[in-house]
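Thank you for making time this morning. I would like to walk through a few local features of one model, beginning with its cysteines and then moving on to a surface patch and two polar residues.

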Amino acid sequence: MTLLKMFGNFQKGTPEERNVRFGVREHGTGAICNGIALHSPGLLPYCATFFVFTDNMRAAMRISALSGAGVIYVMTHDSVGLGEDGPTHQPIEHLISFRAMPNILMLRPADGNETAGAYKVAVLNRKRPSVLALSRQKLPQLPGTSIEDVEKGGYTISDNSTGNKPDVILIGTGSELEIAAKAADERRKEGKTVRVVSLV
């Protein structure tokens, strides 16, 4: 959800429309969204770019956090599992840097359920910016994921242990949750009890 297809472009002659074409200028994009959020609290600005390009948008995103601007940043092409654009387009350190940034909500959903839940959390989160890191990979819908549980930040998607004492706890986030779920299946075949946790 980055282009509202039922609306045209917001321009001088069409001020009633909803889409703003920023061009390739991430800092300006974030700064404009901050202005919209702070000037008109009833509006819900969001913008999108590749996650790796937050390097160019970081200052504006930090101002969002410091100002309490409820901008939604939709960051695509997350994960090293995305290869066709090469290593210059693979965000490595970006996730941890935004998880460490004060007053910013970093969400990294694993599938369609969690993406819907992440949007819900972001829309309701009006006192600080939200970052949704979305993969471009074709990811499966995982059993046990939940729209509602995303707001917890982390939750169990599967657990075959009894007495709350699994042999192993595997934690995954975003596209790597699928890897954790597959690893759990293998360990369970070996007779182990495994809990899989999604850390959104």
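The number of disulfides here is 0, a disulfide being a pair of cysteine sulfur atoms within 2.5 Å. As to why, the sulfur of Cys-33 has its closest cysteine sulfur in Cys-47, and because the two are 3.9 Å apart, they are too far from each other for a bond. Cys-33 is buried, at 1% relative accessibility, and Cys-47 is buried too, at 3%; buried means under 20% relative accessible area, exposed means over 50%, and partly exposed is in between, with a 1.4 Å probe and protein chains only.

Before going further, I should say that this is a predicted model, in which local features need pLDDT of at least 70 and side-chain atom pairs count only at pLDDT 80 or more, while totals for chains, interfaces and linings use all residues. Residues are numbered from 1 along each chain as its sequence is written, and side-chain values use heavy atoms, with hydrogens and water left out.

Turning to the surface, Leu-44, Val-123 and Leu-124 make a nonpolar patch of about 260 Å². Patches are made of residues with over 30% relative accessible area and no salt bridge, like charges being joined within 9 Å and nonpolar side chains (Val, Leu, Ile, Met, Phe, Trp, Tyr) within 5 Å; a salt bridge is a side-chain nitrogen of Lys or Arg within 4 Å of a carboxyl oxygen of Asp or Glu, and accessible areas come from the Shrake-Rupley method with a 1.4 Å probe, where for residues only the protein chains shown count as cover. Leu-44, partly exposed at 35% relative accessibility, sits in the loop between α1 (26–39) and β1 (46–50); helices (H or I, at least four residues) and strands (E, at least two) are DSSP runs, numbered from the N terminus.

Where does Asn-125 lie? Asn-125 is in the loop between α4 (112–124) and β4 (130–135), and at 12% relative accessibility this residue is buried. Beyond its neighbours within four places in sequence, Asn-125 is in contact (heavy atoms within 4.5 Å) with Gly-70, Leu-105 and Ser-130.

Finally, Arg-188 belongs to helix α5 (residues 177–189) and is partly exposed, with a relative accessible area of 22%. Setting aside neighbours within four places in sequence, the contacts of Arg-188 include Ser-158, Asp-159 and Asn-160, and the C-alpha atoms of Arg-188 and Asn-160 are 8.2 Å apart, although 28 residues separate them along the chain.
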